[in-house]
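Student: Could you take me on a close look at the packed interior of this protein? I would like to see how its pieces come together there.

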Amino acid sequence: MKQYKRSFRFVCKGEERKIVEEMLSLQGFSWEEEDFFSSACRLLEEPFSLGASIAGFFGFIYIQDRASMLPPVALMPDRGAFVLDMCASPGSKTGQLAHIVGEEGFVLGNEVSPPRLATLRRNLQQMGLFQTASCCFEGQHIPLPGGFCDFIQLDPPCSGWGTVEKNPRVMEIWKEEKTLPLVSLQRELLKNAERLLKPGGVLVYSTCTTNLEENEAQVKFAQEELGLTLEKLSPLPEFVMDEPMLGMDGVWRLSPRIGDTQGFFVARLRKKNGGESFIPEERQWGEPLARKYVQELGIAENYLEYGDIAVFKESLHFVHRQAKFFPQNFAWQGMYMGKAGKSNEMQLSPRVRMAGDLPMTHFEGKDGLEKIKGLLSGQSFSCDFKEKNVLMAWNGLVLGRLKVKNKRLIWSER
């Protein structure tokens, strides 16, 4: 057991959480719940790496520093809202925001680095967050029309002084004179965020540094140069907050506390009312999969209330109904769902949990968890299924899809 308490979030619907909690308990984990966010917890016992747990493998939990959860808490978009996460990878805040807006809401995660974009997409798919999509642009040049967004999360590249526990040399690497390019980039990102906000829209600006020039000074820039209004954040008794600099009131400033949390800065800003909002036009993206093929693939039709499963060349992606309002020339990608060929050659990712009309193999209790561990490590089990794919469930919770080959059940992500 580690001396400090690692933090994580549950990534599951209300009715699923008790099952996921039981899954973790049977593998020896214990935790305490946090008050500042309903799905946030801190580990008390970690017999092995939480990320290697069954719940972690299937994306029902997400390991995240508790301070890193604060920006989405400050933004707190409405259920059903559209949110832009301007600098999204690895997807911690993107996923948390998707939890807040719900399946009827929509979160677009932007990441300029292709390798980090791949990580973002992988994490969102692992968590099954079909109410998300991703794109790859420089944050200061995201080609969306002005006034497109109701809510924006901006957590820009920063000096990272608040991560000193994980990166002991960070303050040596990013001495104050070396942060000038970062400060300049942050201002360009703020300018584009202000442009993209609808009148009355909300922006949360956050960093994992304690550097004044990247924090309060940037908020002052947003107020004086961009006309944004600072909205006061309520104190959080669960965190030890520092006094803000420049006499600024209503922002969250945390110094790194060894063994507890990293340093963080969070400010909530609103664009003034007045001016015009962009009125988007609905468009068709990809070739929507016919309902009969959706049924044949074993996907419940109720998911089509939120959007379409569409074919893009040789792959299947989820097209959320809110994504249909993106401009025609905007390049983006919905959650990956599998390979596409002819109708009888479509192959869903084993991680697609949208349970429809497919047979199901059930695992129960601790013995069932051991069998699932075996499947994930390459073992197979005999079966009598005639179908090519079956749903896999533990204690009634659908985890994914197993292939049937030579009357054997196998887990394969190929």
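Tutor: Happy to. One cut-off helps before we start: a residue is called buried when its relative accessible area is under 20%. Keep in mind too that this is a predicted model.

Let's begin with Thr94, which sits in helix 4 (residues 92-101). Its relative accessible area is 0%, so Thr94 counts as buried. Setting aside residues up to four places away in sequence, Thr94 touches Asp85, Ala88, Val107, Gly109, Leu120 and Leu124.

Two of those partners, Leu120 and Leu124, take us to helix 5, where they are buried along with Leu117, Asn123 and Gln125. An α-helix has 3.6 residues a turn, so residues three or four places apart point the same way. The cover over the buried residues of helix 5 includes helix 4, strand 4 (61-63), strand 6, strand 7 and strand 17 (336-339). The length of helix 5 can be checked as well: at 1.5 Å a residue, its 13 residues should span 18 Å, and the end C-alpha atoms are 18 Å apart, which agrees. Just after helix 5, Gly128 takes a positive phi of about 70°.

Now to the largest nonpolar core, which has 40 residues. The members that touch the most others are Met86, Leu108, Ile152, Leu203, Phe326, Phe330 and Trp332. At least two residues of this core come from each of strand 5, strand 6 (106-110), strand 7, strand 8, helix 7, strand 9, helix 8 and strand 12 (264-270). Helix 7 gives the largest share, four residues. In soluble globular proteins, nonpolar side chains tend to be buried together.

Ile152 is a good place to zoom in. Apart from neighbours within four places in sequence, Ile152 is in contact with Leu75, Leu84, Met86, Ala193, Leu196, Leu197, Val202, Leu203 and Val204. A second, separate core of 36 residues includes Tyr62, Ala74, Ala88 and Cys158. Ala88 is also one of the residues that Thr94 touches.

Back to helix 7, since Ala193 and Leu196 are among its buried residues. The others are Leu182, Val183, Gln186, Leu189, Leu190, Asn192 and Glu194. Covering them are elements including strand 5 (82-85), strand 8 (149-154), strand 9 (197-207) and helix 8 (216-224). For the 17 residues of helix 7 (residues 180-196), 1.5 Å a residue gives an expected span of 24 Å, and the end C-alpha atoms are 25 Å apart, which agrees.

Aromatic rings add another layer. The structure holds 20 aromatic pairs. One of them joins Phe82 and Phe148 edge-to-face, with 5.6 Å centre to centre and 90° between the planes. Phe82 lies in strand 5 and Phe148 in the loop between strand 7 (132-135) and strand 8, so this pair ties together parts that are 66 residues apart in sequence. Both Phe82 and Phe148 are buried. Phe130 and Tyr303 are also edge-to-face, because their ring centres are 5.6 Å apart and their planes stand at 90°. Phe130 is in the loop between helix 5 (114-126) and strand 7, while Tyr303 is in the loop between helix 9 (291-296) and strand 14 (307-312), so the pair ties together parts 173 residues apart in sequence. Phe130 and Tyr303 are buried too.

Ring pairs also link Phe82, Phe106, Phe137, Phe148, Trp285, Phe326, Phe330 and Trp332 into a cluster. Phe326, Phe330 and Trp332 were named above among the core members with the most contacts to other members. Charged side chains meet rings as well: Arg66 lies over the face of Phe239, at 4.1 Å from the ring centre, and Arg353 lies over the face of Phe60, at 4.2 Å.

Finally, look at the later part of the chain. Gly368, in helix 10 (residues 365-376), has 2% relative accessibility and so counts as buried. Beyond residues up to four places away in sequence, Gly368 touches Phe363 and Trp394. Five strands form an open sheet with mixed pairing, in the order 19-21-22-23-20. Its edge strands, strand 19 (360-363) and strand 20 (381-382), each pair on one side only. Strand 21 (residues 389-394) and strand 22 (residues 397-405) run antiparallel, paired over six bridges.

Note on methods: Residues are numbered from 1 along each chain as its sequence is written. This is a predicted model: local features need pLDDT of at least 70, side-chain atom pairs count only at pLDDT 80 or more; totals for chains, interfaces and linings use all residues. Side-chain values use heavy atoms; hydrogens and water are left out. The expected span of a helix is 1.5 Å times one less than its number of residues. Buried means under 20% relative accessible area, exposed over 50%, partly exposed in between (1.4 Å probe, protein chains only). Contact means heavy atoms within 4.5 Å. Rings of Phe, Tyr and Trp (its six-membered ring) pair if their centres lie within 6.5 Å; planes under 30 degrees apart count as stacked, over 60 as edge-to-face and the rest as tilted. A charge sits over a ring if NZ of Lys or CZ of Arg is within 6 Å of the ring centre and within 35 degrees of the ring normal. A nonpolar core is a set of buried Ala, Val, Leu, Ile, Met, Phe, Trp, Tyr and Cys residues joined through side-chain atoms within 4.5 Å. Two strands pair if DSSP finds at least two bridges between them.
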